[in-house]
Amino acid sequence: MVTLKEISSDCGISVTQVSRALNGYSDVSEETRTRVLESAQKLGYVKNIMASSLVKQNSNMIALIIEGTEVDQNADTVGSPNIYHIELGVSESSLELGLEPLIYLKHRNQRMDYVSFCRQRYISGIVLFGSNYDDPDRIALEQSGFPCVFIDISTENDHCGCVVTNNSFYSKAAVDHMLERGCKKIAVIAGSPHAYVTHERLSGYQTALSIRNIPYHPDLICYADFNMDAARKATHSLLEQNPDIDGFFCMSDEMALACLEEVLALGKRVPEDIRIFGFDGNQYMQFVRPRLATIQQNFVQKGVLSIQLLHDIIQKHPGSHTLYVPCKLIPGETV
């Protein structure tokens, strides 16, 4: 590998002058800069980005840390199917802004000092997706002053922002849609009790019932942790205990698919006997029959906006640190 010392010898100037010329310092003459660049190209010099970041105490490298991708041997899903679209958006936005994204897949039971992780790698900021809102490591990052953006957890301060969906609003819209089509008793297949979106979507469900003076019954809520196998069991258990249930609001499309399979296996008709509504709008659900009613999110846009917001926070640009991504209600055939 060609070194600065070799370029220095070729140009007849000091290593310090070579370094300053390659790093764009203004106190280097154009003549010297041109000579150094030509020498570097001739000799095949490749800049060490990490070394340069160490000298300047900054870098264009950012991290996308995704939590919850571990394989569950007892389940039929791995992580979130929305991860790919988040990554697409992050890649697209990073390219436009001249940033270098590092993607790290973190297991949910893995403890992590996010700030130390980034400083050891000269990373300038973090986008975090999939973390629980009450995770102490996430809370420490939020309070650290290190530039960070959370996807699907609503919070902000001078160094921290979020890209979110108005989950409460769209969950209410989903439940309204079911009630308007004749549902009298809607059960909920919820996500993790530690997930921020679970609480928001449950709030939307409760609001829809309250407006119509329909009593809220906690025994109609079953937490399945966004897991298909758990959602099947939850569906079976809820119908066994409450055979007059005529609707299921599921907090993800995967859980809605599992719910649909179990309802059909029990000899019920959809939507004639039981109506089912999902959430996320994953593309592969278009192949499910009957077509699933769902709230369609734009996860690519979440990835794009998270990087744009992180860049603004790092550059200390003024403006809101909370960005909302709109969704679309897809009526489908299960309601």
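Two strands count as paired here if DSSP finds at least two bridges between them. Keep that in mind as you explore this predicted model.

**Stop 1: the open sheet**

Select strands E7, E6, E8 and E9. In that order, these 4 strands form an open sheet, and their pairing is parallel. Which strands lie at the edges? They are E7 (221-223) and E9, each of which pairs on one side only. Look along the sheet and you can follow its twist, which averages 15° from one strand to the next.

Now zoom in on E8 and E9. These two run parallel and are joined by 3 bridges. To find a matching pair of positions, pick Gly 247, which stands opposite Arg 275 in E9.

**Stop 2: helices on the sheet**

Add helix H8 to your selection. H8 packs on the sheet and touches E6, E8 and E9. The direction of H8 makes about 165° with that of E8. Next, add helix H9, which also packs on the sheet, touching E6, E7 and E8. Here the angle to compare is with E7, and the direction of H9 makes about 165° with it.

**Stop 3: the largest nonpolar core**

Show side chains for Ile 189, Tyr 205, Phe 248, Phe 249 and Ile 276. Among the 47 residues of the largest nonpolar core, these five touch the most other members. Several elements each supply at least two residues of this core, including H8 (167-180), E6 (186-190), H9 (196-211) and E8 (247-250). Which element gives the most? Helix H11 does, with 7 residues.

Apart from this core lies another one, of 19 residues; Ile 62, Val 127, Leu 310 and Val 325 are among them. Two of those names will come up again at the next stop.

**Stop 4: strand E1 and its partners**

Select residues 61-67, which make up strand E1. Why is E1 described as largely enclosed by the rest of the structure? Because 7 of its 7 residues are buried. Colour the two faces separately: Met 61, Ala 63, Ile 65 and Glu 67 are on one side, with Ile 62, Leu 64 and Ile 66 on the other, and all are buried. In a regular strand, side chains alternate between the two faces of the sheet.

Finally, bring in the partners of E1. Strand E2 (residues 100-106) pairs with E1 in the parallel sense over 7 bridges, and Ile 62 stands opposite Pro 101 in E2. Strand E3 (residues 126-129) also runs parallel to E1, joined by 4 bridges. End your tour at Leu 64, which stands opposite Val 127 in E3.

Conventions: Residues numbered from 1 in each chain as written. Predicted model: local features only at pLDDT ≥ 70, side-chain atom pairs only at ≥ 80, totals over all residues. Heavy atoms only, no water. Buried < 20%, exposed > 50% of the residue type's maximum accessible area, 1.4 Å probe, protein only. Core = buried A, V, L, I, M, F, W, Y, C linked by side-chain atoms within 4.5 Å. Axes fitted to C-alpha atoms, helices over the stretch in contact; angles between N-to-C directions. Contact = heavy atoms within 4.5 Å.
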